[in-house]
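Please find below a briefing on the structure shown here. It begins with the overall architecture and then turns to helix packing, the main pocket and selected residues.

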Amino acid sequence: MADQERTEDLAQLLARLKSEYDVNESEIARRIGVGPSTVNSWTNRTRGSKRGVRRANAEALAREFPKFTEDEIYAAAGRQTPGPLTPEAEARILELYRGLTEEQQRAKEVEMRALNEMNRTGQ
């Protein structure tokens, strides 16, 4: 779905989810481990379009409400689904990182924060 044009936003997806599972915002919040105000802000578009859905929240939504995939949730939030990180890939990345100077490590952290922020905001 990441390659398809977004047809609904996060608020619309949550409206479908609430209808499909017959749950309210408080129940969604309880099941995914966030405050009701977080779900309310997504539903009312007060935060969803600015900060987006965190990876842990998208994973929890997909796990608790399996009729909705992570790809679908991220697409509705205007983001691409983050790539997988296998233990092997994590070990390779860590080994490469350890080979950098302290200054290079700081530069990579800044770059990675910027990329993560771009993903969160859909830019």
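## Overall architecture

Read from the N terminus, the elements of the chain follow the order α-α-α-α-α-α-α. The chain thus described belongs to a predicted model, and it holds 7 helices and 0 strands. Of its 123 residues, 29% count as buried. Among contacts with a separation of 6 or more, 57% are accounted for by residues 24 or more positions apart.

## Packing of H1 with H3

- Helices H1 and H3 pack at an angle of about 115°, and their axes lie 7 Å apart.
- On the H1 side the contact is made by Leu10, Ala11, Leu14 and Lys18, and on the H3 side by Val39, Trp42 and Thr43.
- Sorted by class, the contact of H1 with H3 comprises 5 nonpolar, 1 polar and 1 charged residues.

## Helix H3 and its surroundings

- Helix H3 spans residues 36-43, and its buried residues are Thr38, Val39, Ser41, Trp42 and Thr43.
- These buried residues of H3 pack against three helices, namely H1 (10-21), H2 and H4.
- Thr43 has its place in helix H3.
- The relative accessible area of Thr43 is 16%, and this residue is therefore buried, since buried means under 20%.
- Residues up to four places away in sequence aside, Thr43 touches Ala11, Leu14, Lys18 and Glu25.
- Ala11, Leu14 and Lys18 also appear on the H1 side of the contact between H1 and H3.
- Just after H3, Arg45 adopts a positive phi of about 60°.

## Packing of H2 with H4

- Helix H2 (residues 25-32) and helix H4 (residues 55-64) pack at an angle of about 105°, with 9 Å between their axes.
- H2 and H4 are therefore roughly perpendicular to each other, because angles of 65 to 115 degrees are classed in that way.
- In this contact, Ile28, Arg31 and Ile32 of H2 meet Ala60, Leu61 and Glu64 of H4.
- The contact of H2 with H4 has 4 nonpolar and 2 charged residues, and no polar ones.

## The largest pocket

- The volume of the largest pocket is about 630 Å³.
- The pocket is lined by 19 residues, of which Arg55, Leu85, Ile93, Met112 and Asn116 are the closest to its centre.
- Helix H6 (87-98) and helix H7 (102-121) are the elements that contribute two or more residues to this lining.
- H7 supplies the largest share of the lining, with 6 residues.
- By class, the lining of the largest pocket divides into 10 nonpolar, 3 polar and 6 charged residues.

## The loop between H1 and H2

- Asp22 is placed in the loop between H1 and H2.
- Which sign does phi of Asp22 have, positive or negative? Although Asp22 is not a glycine, its phi is positive, at about 55°.
- As background, most residues other than glycine have a negative phi.
- With a relative accessible area of 72%, Asp22 is exposed, because exposed means over 50%.

## Selected residues in H5 and H6

- Asp71 lies in helix H5, which covers residues 70-76.
- The relative accessibility of Asp71 is 35%, so this residue counts as partly exposed.
- Asp71 and Glu59 are 12 residues apart along the chain, and 9.8 Å separates their C-alpha atoms.
- Tyr97 is found in helix H6, one of the helices that give two or more residues to the lining of the largest pocket.
- Tyr97 has a relative accessible area of 23% and is therefore partly exposed, because the partly exposed class lies between 20% and 50%.
- Which residues does Tyr97 contact when its neighbours within four places in sequence are left aside? Tyr97 is in contact with Gln105 and Glu109.
- Tyr97 and Glu109 are 12 residues apart in sequence, and their C-alpha atoms are 10.0 Å apart in space.

Technical notes. Residues numbered from 1 in each chain as written. Predicted model: local features only at pLDDT ≥ 70, side-chain atom pairs only at ≥ 80, totals over all residues. Heavy atoms only, no water. Axes fitted to C-alpha atoms, helices over the stretch in contact; angles between N-to-C directions. Helix = DSSP H or I, 4+ residues; strand = E, 2+ residues; numbered from the N terminus. Parallel < 35°, antiparallel > 145°, perpendicular 65-115°, else oblique. Contact = heavy atoms within 4.5 Å. Nonpolar A, V, L, I, M, F, W, Y, C, P; charged D, E, K, R; others polar. 1 Å grid on protein atoms, 1.4 Å probe; cavity = no way out; pocket = protein on both sides within 12 Å on 5 of 7 lines; lining within 4 Å. Points joined across faces, edges and corners; volume = space filled by probe spheres on them. Buried < 20%, exposed > 50% of the residue type's maximum accessible area, 1.4 Å probe, protein only.
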